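Please look over the model below before reading on. My notes are kept short.

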Amino acid sequence: MEQESIDMKQKFDLSLVLNSLFVLYAFVLPLSRASVGIATLLIIILFLFSRNIKVSLKKIWKNPASRSIVIFVLFYFLTLLWLPLSQLKEGFRYLVPYLYLLPAVIMYVSVKKSYIPRILSALILGMVVSEVISYGIYLEWWEREGVFVINPSPFMHHIQYSTFLAFTALVILYRVLNEKILYYRAAYGFFFIALTGTLFLTNGRTGQLAFLIGLFLLGFMHFPNKLKALWVSLLLSAAVLFSAYQLSDTFKERISMTQSDMNNMIEKENFGTSLGYRTGVTILSIPLIQQHPILGNGVVDTMPLIREEAERRFPDDYWLKRANHLQNQYLQVVVEVGVVGLSILMMMLYQIGRIPLRADSYRTIKSILLIVFFITMLFDIQLHIQFTAGLFALMSGLILAQSRVEHEEMSRSIKEPRLKDA
């Protein structure tokens, strides 16, 4: 009877359910917008009903990296306090996407050691499924509404998909470089080529740039001989660029489009292009930053003010007068919540970068995560978009959990000799 009681407790252990949910969340993250929202909500609810919630919250607050994530989200919600009552609903609705960052801190205190590799494998498996669907669309084996052969991004906007592809490809490349078993190395190599191919078949120049910079830095980090690392990184990056330009009409077209965008913007003041829009909203943001540098213009008023400025500065530009965000995470934060908010964001990235890790594989994943997001946030509001906020939270949480596990194991190894001596 006692054993049955223990078994029943284990069966309904919220911790095991929560860990299984993290695995499921990692798998569906690249595949379903609705599932991301549902999984995030369930994770938060299960955590709030878990045992020792007070102890977990203290641990979250004590850790600098998890605390910085909470402060970033909390500060944004605190800015609602100086909104008029009529704007509170709109402000709260705008801030909901930042809640997708919270699973990171829950993972820190909840993920068990055995689930850490399962979560990473689930994300990779989700990307495999996404890849199969993407190539099927490209080869016209099947169709998906709203997705076209020239930009086969099946479940999300091509900027976010390129971020997923860049991150996953660099993680897989690390496995190619370090795997000892030839069969696995060949499988990882094939998947790396497939991921890279998809990355340059889509219109996601943001992820392509992050991938190339990450590729160079990862190669530089991998080889102890830095001169050799420099040459290998340069050759690998050049080979990828050359292959992409020769084999991908989409990539070639996007390179030509970048040159055309620059000419139109400089010669004709035409901001109705991808590059032009980003430049235009940056110009429009400058007076708003000057007016409210410390705490910004608020999450509700920022974009109406940008559109008013566009009406005044560029009255003939259709796109700038309808701007809905600034396509730059750093710029969006500083205009909305000022230098204070930007400082909190940079502190969050800094503290994640300082997470102590002994395992080389997870140190590399941490570096890849920061490289990819540091670059892609220059070109889109990645932490305010469901998919990419989810990816950032999932991997930050995984890194935090790995760090916690390593610390616990090290603490046990120190205590055990003392117990033997006693």
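The numbered points below go from the overall fold to the cores and then to one residue.

1. This is a predicted model: local features need pLDDT of at least 70, side-chain atom pairs count only at pLDDT 80 or more, and totals for chains, interfaces and linings use all residues. Residues are numbered from 1 along each chain as its sequence is written, and side-chain values use heavy atoms, with hydrogens and water left out.

2. The protein has 18 helices and zero strands (DSSP runs, numbered from the N terminus: H or I of at least four residues for helices, E of at least two for strands). Among contacts (heavy atoms within 4.5 Å) between residues at least 6 apart in sequence, 71% join residues at least 24 apart.

3. Of the 422 residues, 51% are buried (under 20% relative accessible area; exposed is over 50%, partly exposed in between; 1.4 Å probe, protein chains only). The protein exposes about 21,300 Å², with 65% of it supplied by carbon and sulfur atoms (Shrake-Rupley method, 1.4 Å probe; for residues, only the protein chains shown count as cover).

4. The largest nonpolar core (buried Ala, Val, Leu, Ile, Met, Phe, Trp, Tyr and Cys residues joined through side-chain atoms within 4.5 Å) holds 97 residues, of which Phe72, Phe167, Phe211, Leu383 and Met395 touch the most other members. Helix H18 (residues 386–421) gives the most to this core, with 12 residues. A second, separate core of 14 residues includes Tyr277, Val281, Ile306 and Val335.

5. Gln160 sits in helix H9, which spans residues 158–178. Is Gln160 buried or exposed? Gln160 is buried, at 5% relative accessible area. Leaving aside residues up to four places away in sequence, Gln160 touches Asp380, Gln382, Ile385 and Thr388.
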